[in-house]
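Here is a short briefing to read alongside the sequence and the coordinates. Take a look at the structure first, then follow the notes by topic.

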Amino acid sequence: MARSGEPEQEVGNLVLVLGDQLDLDSAAFDGFDPSRDVVLQMEVMEETCYIPQHKKRIAYFLASMRHFKDELAARGRRVHYVEIDAPENTGRFETEIARAQQMFRPARTIVVEPGDWRVAEKLRRLVQPPEFRSDRHFLCSRDEFATFAERHPRPILETFYRAMRRKTGLLMDREGHPIGGAWNFDAENRKSFGKYSPPLPARPTHAPDTITAGVLRLVARRFADSPGKLDDFNLPVTRGQALTQLDDFVANRLPLFGTYQDAMRSGEPFLYHSVLSGPLNLHQLRPLEVVQSALRSRSAPLNALEGFLRQIIGWREFVRGIYWQRMPNYAEENALGAELPMPSFYWTGETEMRCLAEAIGHTIDHAYAHHIERLMVLGLFAMLLGVRPYDVHRWHMSMFWDAIDWVSLPNTLGMSQHGDGGIVGTKPYAASGNYINRMSDHCRYCRFDPKQATGENACPFTTLYWNFLDKHRKRFAGNGRMKNQYANLDRKDGSELGAIRRQAAKIMAAAT
Ligand SMILES: Cc1cc2nc3c(=O)[nH]c(=O)nc-3n(C[C@H](O)[C@H](O)[C@H](O)COP(=O)(O)OP(=O)(O)OC[C@H]3O[C@@H](n4cnc5c(N)ncnc54)[C@H](O)[C@@H]3O)c2cc1C
Ligand code: SF4
């Protein structure tokens, strides 16, 4: 492996591999000549500092990159790897690439299109910009999505998902109909645990090897002030570990994945979820192999298989398509004019609201919270409060192991905050504390009452929910999907609404 101070040398191609491009078979390696080409991997400080980052997230990325370097070397590929605390490391993408270009004088620098608009722009502005190759990790290319969006000027998930089912043939019969006679089984996939709590399978363990242990020491030393906890690190940092995680999911969790997909339970962050978003987003796993492995399950019912398939070939591909179609302006969208900053308790979990304390706690402990915690607790409260959507996205980028711009931005700014005015979802995911009460056991242990909108024990979600509907009446009252919500609001008389508005104003003032 080349190190700093190496004499200048000429190589064929310099192949740049970013931290979320850890696929040995990526397009970057097409035509790779082991006798002449060099791979460049860099750990740059600016990527760990441009926003504060959870310790586990930093450790996850660095450990995954370092293991990938060894996998490349085992395949006989020469790697120039710049570690974060190497004295010659300038800490910035642009300067590190320029340094490597000067060192190796490659005929070409090659990179797969980055998943982050900001990074792609940086690379385009280099004195010697790289050759971009399209990313074949995804099942729907950017061009394909653009064609789809031309045909469907207001693309919605359902149309896209059906097109993807037809294209891939997954869970389709020979006549081109969905297996089971329906495109979705959502009605079966909304159960909460109620009094019945099935025992949860133990999670697979990925004991840190010497590489991971070294990274954990580095993070503890260099990033002591970063948010989040580093203890009990158990994230899959190699393709091998990710495959173990996948096998474990298919065998032990998938059968109940659909049924309890939306459920929450105190002290249980992972439930029946796969915890595979990280390896998928770092490209250690491919979406097709993940869904094919799930579809081979003999024990999972159709509602689980379809629910899982929808997430991977539907939502995941859809939000990526939206991101690349609408960037860079997408990041600035703020359709509801939300202007409050992120409440400080999102960094500490110190709040009396039990559901939020629980979801933030999972995030601080594991850099993970499952979808409904992100959408219907963390995101919901921020939207009802009126937090700037981009700030919510930045907080997500800071705190989650799986956050990459292309996936976090449309999910956070779009789906959870309705900041895009209805691109990712046609209506805001607005709900009161009653939804959380139905889907979790949190309210049982909370000092607030989800049924009350005013008074000392009123649940802040419930107060803010009615206030949100009232405040945005002009925008949403005509939305057919919100008819019932507005019919319920209309049952409130003027004095009740006045009390709700006053209480909501107090909550907003106290939260910021
Ligand atoms: C506010 C908010 C922010 C989010 N930020 C991210 C993010 O930064 N990175 C990320 O990967 N996912 C994000 N998601 C989507 C989803 O919550 C996570 O993918 C999921 O919770 C990861 O946990 P899991 O692997 O156990 O998922 P599972 O519940 O087991 O789902 C299986 C897989 O489906 C995919 N998936 C499911 N829902 C989505 C979705 N809406 N968009 C894209 N992929 C999806 C993921 O790859 C996931 O691993 C966000 C959702 C919300 C509401
Ligand atoms: S009562 Fe309200 S704040 Fe408390 S846990 Fe339930 S939804 Fe959350």
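Welcome to a predicted model. A good place to begin is strand 4, which belongs with helix 4 and strand 5 to a right-handed β-α-β unit. From there, the tour moves on to the surroundings of ligand 2.

**Strand 4 and its partners**
- Strand 4 covers residues 108–112, and 4 of its 5 residues are buried, so the rest of the structure largely encloses this strand. Buried here means that 20 or more other C-beta atoms lie within 10 Å of a residue's own.
- One partner is strand 1 (residues 13–16), which runs parallel to strand 4 and is joined to it by 4 bridges. Within this pairing, Thr109 of strand 4 stands opposite Leu14.
- Another partner is strand 5 (residues 131–133), also parallel to strand 4, with 3 bridges between them. Here Ile110 has Glu131 of strand 5 as its bridge partner.
- In the β-α-β unit, strand 4 and strand 5 are accompanied by helix 4, which spans residues 117–124.

**Around ligand 2**
- The shell of ligand 2 holds 14 residues, and the closest are Cys355, Gly433, Cys443, Cys446 and Cys459.
- Helix 13 (354–366), helix 17 (433–439) and helix 18 (460–471) are the elements that each give two or more residues to this shell.
- Helix 17 supplies the largest share, with 3 residues.
- Sorted by class, the residues around ligand 2 are 10 nonpolar, 3 polar and 1 charged.

Definitions and conventions
Residues numbered from 1 in each chain as written. Chains lettered and ligands numbered in written order. Predicted model: local features only at pLDDT ≥ 70, side-chain atom pairs only at ≥ 80, totals over all residues. Buried ≥ 20, exposed ≤ 12 C-beta atoms within 10 Å, placed from the backbone. Pairing = 2+ DSSP bridges. Right-handed = clockwise from strand over helix to strand, strands pointing away. Near = placed C-beta within 6 Å. Nonpolar A, V, L, I, M, F, W, Y, C, P; charged D, E, K, R; others polar.
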